[in-house]
Structures are given as structure tokens and as C-alpha cells.
Amino acid sequence: MLRKLHGLPGLVAALLLVVLATSGVVLSVVPALERSGAVVPAAGELSVAGLAERVITNYPGTEQIARSLSGEVVVYYSQDGQPGADLVNPLTGEGIAPYQPSAFVRWVKNLHRSFLMDDVGRMLAGVWAALMVLICLSGAFLLARRLGGWKAMLQPIPGSGSPRIHAELARFAVIGLLLSALTGSYMSAVRFGLLPEGASTEPTFPAEVSGGVPAPAGSLKALKNVDVNELRELVFPFPDDPTDVYSLSTTQGSGFVDQATGELLQYQARSTGSQFHHWMVRLHTGEGLWWLGLILGLAALTVPVLSFTGLQIWWQRRSSAISLGENASIEAADTVILVGSEGNTTWGFAKDLQNKLNQAGKKVHCAPMNDLAVHYPKASVLFILTSTYGDGDAPSSASQFLTRLEHFQPDDGLEFVVLGFGDQQFPKFCQYALDVDTALSNKGLQHMHPLTRIDRGSATQFREWGEAISERMGIPLVLTHNPAPAVTSEFELVERVDYGVAVNAPTSILRFKPLKNSRNLWQRLPFQNRKQLPDFEAGDLLGVAPPGDEAARFYSLASSASDGILEICVRKQTNGLCSGYLHSLKPGDRIAGFIQKNPGFRPAGGTTPIILVGAGAGIGPLAGFIRKNTERNPMYLYWGGRNPDSDFLYQPELGRYLDDQRLTRLNTAFSRSAENAYVQDAIVADETALRHQIEIGAQILVCGGREMAAGVRQVFDSILKPLHMDVEELRTEGRYLEDVY
Amino acid sequence: MKKILFALGLATVMALPAYAQAREVTFTTQLKNYGGDGAYLALYLTDADGQYQGTLWIAGEKSKYYKHLRDWARGSGLKQAEYDGLTGASVTSGRALKVTLELEDALIDSGYQVRVDTAVEDMRDNRADVVVPLTTEGSGKTVSGRGYVQSFVYDLK
């Protein structure tokens, strides 16, 4: 619902919002420009009487003096029957330049408030401002939900590409955008009479004036009492009309001044409502608040990017929506699959499960979790496939599930299986799946198979789960869904460097080059070739399926697209099908593979110290991060191998990186050498320095086997203890990242 | 006095056969290309001394800006009764405003003046942009304004 509230207005509004925002950006610099050209006397330095006196000396035909909130003073005068307007220096009363409001600014202003379409356009702009309020609020709520609460709003945002850019920009711009949109909506509502304007109490023209001989403007008491910085407007009496008066309007109120006695007549202070209105307008325009204008302008500058990335996200989400195949009705189904999905990824797995169950002769009903029926008359198994949103919340297609579950009437003997999808790197891995599992148990349903959690859409884990289910149900069930793109590219091995054979840990650095795909003319066009290699960075994954196997294995990339090659570091596992296959490759051999983004495992940018920890082949992406550290930010590598003479991976490269300071320091530990140490030992040995680094904000990235990662966590927990922190806390701040296999 | 205002107040209601002594007058106000937003105009009658007598027409829909039509505002006291039913849209830069009204015969050749005040957002306010006596002789004679008004003419029928 929240997502729809954000997306639908966004889609409809995008184009005109970009117009509103871009014109707003242009207008936002006007107050600052005006301010920079204005002469602003110090408070108490000059009264309106003084100003009037100086101006009259230079402009005997003065009719009106106006001061903008930015401090510009404009004199309107008549000379020989011809009207004129000059910008003047209030301290001298001398003209600076003829006053000619910019036609460009006026045009932009009209574009901004009415799309150049008068009242219809003004109404449209008002509606758009209100839409913007809706988009800002729903967006803020969405982001808070995604990050796990309002307190987490400033934490690093996981993810990459459009969603990341969208969220990063929006969270800083949202306050400015909300202010602009709210005040804009208000102004529009007032304009069309939906809101009261705050009674603008105009003083009535005095019924009686002294009618005496006019005194010089500079001597008038009421004008002497007003500081020039409070002046808005002073209108001079009509020449030679003793019954006329000065009209004075200040930031505080307005009234009239007798031209003979200098008395203030009929003065009306601004009402509270009028003050409020005045401030709403100023908060929108930045008039007299040039710094606010610039901030609002900066915020508005993000709108075109937000619109573009927003549309991209919407499109991606739309195109990943999967239509279901044959679907049995609720009444007829013997098997029910309910899907909890945010971005439609889980549907791919559900569809595979449904198809394979159909093939095995089951009558399967598959639906979003929100469509949970009260009763499934013929069902014997209920599958729940669900992801988790944000900090353990329900994904959008499951938001109503737990509420609906209260009215659910399961038959005796209805068994259930929960399959959770998530990312192990997040603190609450598959939390929502766990909650649903508990809720179903509490409802009295029996487990057919215990809860299983799938990490990052692993096709292997899904297949293994399918095997277990197949056994339980006594039907063949070969699950092959792989969320990774079916489109693979061909890569040719160009180089391999072998290590570790002597210490029984054969590990190779494999370097592949992408092959030019020359299947058709279109792809052979020159500009197509550049696009041959999909974009990737060190830390992303290369998916490779060994021949005769559908499920891909993933290897962390040690190189970036800009290097022109794909570099992975692979340890040959005993009986490892895929690692064995890769190790059997000779230069010139070709493999099929694809890139999977892994944005959750990237060093933070900027000058944050980065602590890299790895063992064995886990050094791959870490070496890639160091290679890319051309800005020479502090990077420390802790790495564990077996023997420096045999499996010291990347030894020559690391030496070079130390020399050119891409790597600040290297700490190694070797388990089958004289020192007999593991990477944990190297970390402990450096405890004090590490603690200091963490205190000043360091980020830790760990890559390697599961056991090593557990050991490293333990060691860091004890290092963090004196700081009253732990790994879990760092993890929620995005400062402890793991890539574990 | 009351009678004049009364007659003026009804003047917009097209033709009024009941007023045998009424004459149809068309006021045409051509604006310059002053290059700003739509102008607010006040057409009104004063006596020979410039004392406000009655409103002919107000161009501009937002009454909160009427105070910028300075002399008219002062004379009319911005009382709604003075301009009720006598308002229309503001006039775009370079365009003309044409208003046809029924005026009592007694107002013509009696020393009354037609005046026009003009104002534009973010630009100057012009008091008495046009001042012209309302006479049979003056009918059809174009005068120029000193503010946003390029030319002004009234035609007695």
C-alpha cells in the first residue's frame, strides 16, 4: 500500500514535478543574487525618514519607495511626466541602476506557479505540490521501513544502482522538498480559497487629515520611528494635494502618515494570521532568507534524478513480475503455495515449485500471502515462500498475512513448510519467515519439513531443499530455478597462477577475458562491443555452472569491469564439481558464466579506514578492493594462509600495493610454518591498533570460509568489548560486512 | 450623489430601457508591452478636483491586490459595495480592455473626469495613469497614458 502511495503519484507526477523542481532551482538563487547586490544598513543606522530625505534629493519626483526583503531599495518616480524606476543605495539615496525586473525570472516564475497556463496551470501546480507532499511522506516511511526504523535513517543504505541512488539522494533532500511542497500546497490552497488567508487588515484611509503645510519628509516623526530595514513600502502623497497622506507599510504593519504633522494615522499591526501567511510565503520563496533559498534549491535539484531513478525502479519491478502458469482453484487444490515477496524475486522460486509439483501430478494453488483463504478444503500441504523486508518486516505481498491468519481455519492434518529467502549479511536473516513459521505452529499446524533459509537466492540451496521435500512427499521434485539471469556470456581463460599444491590446498588465480559475442550483425556493431562485458566491481560475483549442471556456483570477483578481465581466486575443493572443473581449465578454454551484483560487500568510500580480513581464496575480492584504492585511503589487510612458500596468494601484487601505498599495511599469518598462526592470531596481535581504527570509524570486510568468519567475529567481539560495542552493532551500522561461503 | 452611484452600480446590466436618459459608453484601454504579469486596472470617475465619485470598472480578480490601485483605493475606501459586479479579469501586457457601460446623461459634460489607476505585480503602481474629462467633445479622442496605458479612448453612443 505504502509502495503504491509512493509509486503511483510518482509516475503520474514525474514529468511536471521535474518542471516544477527545475524552475524552482532557478528561482532559488534569486534571493541570494538580490542579497549580494543589496546595500543593507546596520540596524538603527538609517530611518525611513532619512531614506526618504536622501531619495528626494536625488529624485524630486519620487512617488514610491519599496524595499524587498532581500534589501533592495527601489524608487519609483516621475520626471517630466515620464515614469521611471531606479535601484538606489539607501545610504546615499543615489541611483545604482535602472530597475527592470528580469523578464527571464518572471517567465520562470510563471512556469513554476502555473506552467504558463494561468489559473488552470496554477491549480495544476497546486495539485502537484500536494502530490509531492504525498510522495515525500510515503517515501520517507518506505525508507524508514526498509532501513528498520526512523533511528536507522542515517545508516548506510544497502543495495546498488537506481534504488540506492534514489534512497541516498532522497533522504537528504526530503526535508527541503517537503518544506517546499507543503508551503507550495498552502499557497495554492489560499489562492483558491480552500484555506483562509489570515485576514489582511488593511487600514482605512484617514477620514481627516490636518491639511497643514507639508513638512519635509525627513522631519516626519512617524517615518523617523521606523528603521529602514523594516520598511516594505512608502507611497508619497500626490503632489500639491494637502489632503493626501503618506502610505507606510512595514514588516510589522501598515498605516498612514500626515504630511504636515508627521503623525501616524490608522496604524494596523499585522495580524497573527497574516504573519503566518507571510512566513509561509517566505519559507517557500526564500525571500529575505537567501541561505534557505539555496538549500531548497539544492533539494529541488535532486528531483530530476529522483524522478528518473524512480521510474527506473518502477520499470524494473514491473518487468520482473512473473505471471503464473496453471493455477488450481482454492477449492480444488491439494497443495497451496503462498508467496511473500517485495521485489518479485521470490515468485520465480514459487513458480518453479508450482510447475514441478504440477508435473508430479499435484493440483497446486499459488497466491500472494495476503490472499490467504479462510479454508482450503482439499489441501494437505501449505508451502510458504517468503522474503523479509527491512528489519524483519513482512514484504509487501505478505503485509496482511498475520492478520488474516487469525481467521484461518486449517483442516486437521494440514502440514506446512516455510522457506525463507534473505541475505545472511543482514542481522535479522529471514526474520519474517521465522515469525510466520512460529505463527503457523501456534495455529496448530504441523511441520512437514523444518524451516529452511535460502541465502541470497542460492539456486543450490533451493535445489537441496527440493530434494528434501521430494523425499517427504514421495514425489519426484527437481527444482532448477536460478534467480540469476539466464543470459550467460562466454569467457576465455587467459591466465592462471597456481598456488598451494605443496600444502594440499591447490588454489588458483584465474583470469578470464570476455569473448565478443558475434552471433548477429547487430551485436557486431562497434558501439555494441563496448557493452560486451556487463558492468561489475570487485566483490561482485561470477556465476559459473559446471557442464551438465544447472545450478551455478558463485565466485567473488577480484577485478572490476574497468580492468577488462574477470579475475577469480578458486580453491579446489575435494570432490568439488565446479572448482574441479575450473581447475581443469587451460588457457584458451572457454566457460559460460554471468555476473551477479553483490552490492552489500563493498568498502565505504571516502577516507574511512578499511580493515580487510580473509583466509585462503577469500583474498580475491580483498585484493580487488586494494587494487582499486588508487586514492590511497587507509587499507589494512589481515590474511591467513598455510605456508608462505606455497600458498601466499597475490604475494607479488601485494608487495607492489604496499610500495605504492594502495595498501597501508599487510599482516599475514601462516598455519603450516614456524609461526603456526591463523588470521585470528594476526588480528589479536594487532588488537590495540585495531580498536583505535574502529573507534575512528573503520569499516571491516571479511571474506572466506564459514568457520574462519565465525572465529574472526569472536576475536572482534573481544576487541570491541572495552568499547562497549560488538560485531552485531557494527553490522547494523554497515561497518562489518561478510562474504562467506 | 447617491443617485449617481446608484446609476453606476446598475450600469453593467447591459441595456436598461427604464433609464431613458442613459447613454452607452465604450471605454477602450490599450496597454503597452510593459513586459510583466497581467495588469490590474481601475476605471473610475472623479470630479474636476480629482475627488472620487464612483467606480466604472476594476480589471483584476484578487481583491487583496486592489490596494495597489492607489488613488481609487483611497477614494473608494476599498469598500466592496463600491465595485460589486464591476470586476473582470486582469489585462495581459500589450492587450486592450474594452468595457461598455450605461451612464446617466447627467454625468457627461458636467465636469467629471475619467481616471485609470494601474498596477502590476513586482512593478510600480501608477496613480492616475490616465486622466481625461468626460465630455461629448472628448468622445473618440485618443489620449495617452503615463504608465502601463498606451492609449485610452471612450466612445459615446
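**Notes on the predicted two-chain model**

1. Starting with chain B: B:Asp109 counts as partly exposed because 14 other C-beta atoms sit within 10 Å (buried takes 20 or more other C-beta atoms within 10 Å of a residue's own, exposed 12 or fewer, and partly exposed is in between, with C-beta atoms placed from the backbone). Its phi is near 60 degrees, a positive value in a residue other than glycine. B:Asp109 belongs to the loop between strand S5 (96–104) and strand S6 (113–119) of chain B; helices (H or I, at least four residues) and strands (E, at least two) are DSSP runs, numbered from the N terminus.

2. Housekeeping: this is a predicted model, where local features need pLDDT of at least 70 and side-chain atom pairs count only at pLDDT 80 or more, while totals for chains, interfaces and linings use all residues. Residues are numbered from 1 along each chain as its sequence is written, with chains lettered from A and ligands numbered from 1 in the order in which they are written.

3. B:Leu78 is another spot for a backbone check, with a positive phi of about 55 degrees although it is not a glycine. For background, most residues other than glycine have a negative phi. B:Leu78 sits in the loop between helix H2 (70–76) and helix H3 (80–83) of chain B, and it counts as partly exposed because it has 18 C-beta neighbours inside 10 Å.

4. Now the sheet in chain A. Six strands make an open, antiparallel sheet, ordered S18-S17-S20-S15-S16-S19 (two strands pair if DSSP finds at least two bridges between them). Strands S18 (553–556) and S19 (566–571) are at the edges with a single partner strand each, so one side of each has no neighbour in the sheet. On average, neighbouring strands of this sheet are turned by 40 degrees against each other, direction ignored. At the S18 edge, strand S17 (residues 541–544) of chain A pairs with S18(A) in the antiparallel sense over 4 bridges, and A:Val544 stands opposite A:Arg553 in S18(A).

5. On to helix packing. Helix H1 (residues 2–28) and helix H4 (residues 103–114) of chain A have axes that come within 9 Å and cross at roughly 145 degrees. Axes here are lines fitted to C-alpha atoms, for helices over the stretch in contact, and angles run from 0 to 180 degrees between N-to-C directions. The crossing of H1(A) and H4(A) is left-handed, meaning that the near helix is turned anticlockwise from the far one by less than a right angle. On the H1(A) side the contact includes A:Val19, A:Leu20 and A:Leu27, and on the H4(A) side A:Val108 and A:Leu111 are among the residues met (contact is C-beta atoms, placed from the backbone, within 7 Å). By class, this contact of H1(A) with H4(A) has 6 nonpolar, 3 polar and 1 charged; Ala, Val, Leu, Ile, Met, Phe, Trp, Tyr, Cys and Pro count as nonpolar, Asp, Glu, Lys and Arg as charged, and the others, Gly among them, as polar.

6. Helix H5 (residues 118–147) and helix H6 (residues 161–191) of chain A come within 8 Å, axis to axis, and cross at roughly 145 degrees. H5(A) passes H6(A) in a left-handed crossing, and their contact has 16 nonpolar, 5 polar and 3 charged residues.

7. For the interface, 14 residues of chain A are in contact with 17 residues of chain B. Strand S3 (82–88) and H4 are the elements giving two or more residues to the side of chain A that touches chain B, and that side has 8 nonpolar, 4 polar and 2 charged residues.

Notes:
Contact = placed C-beta atoms within 7 Å.
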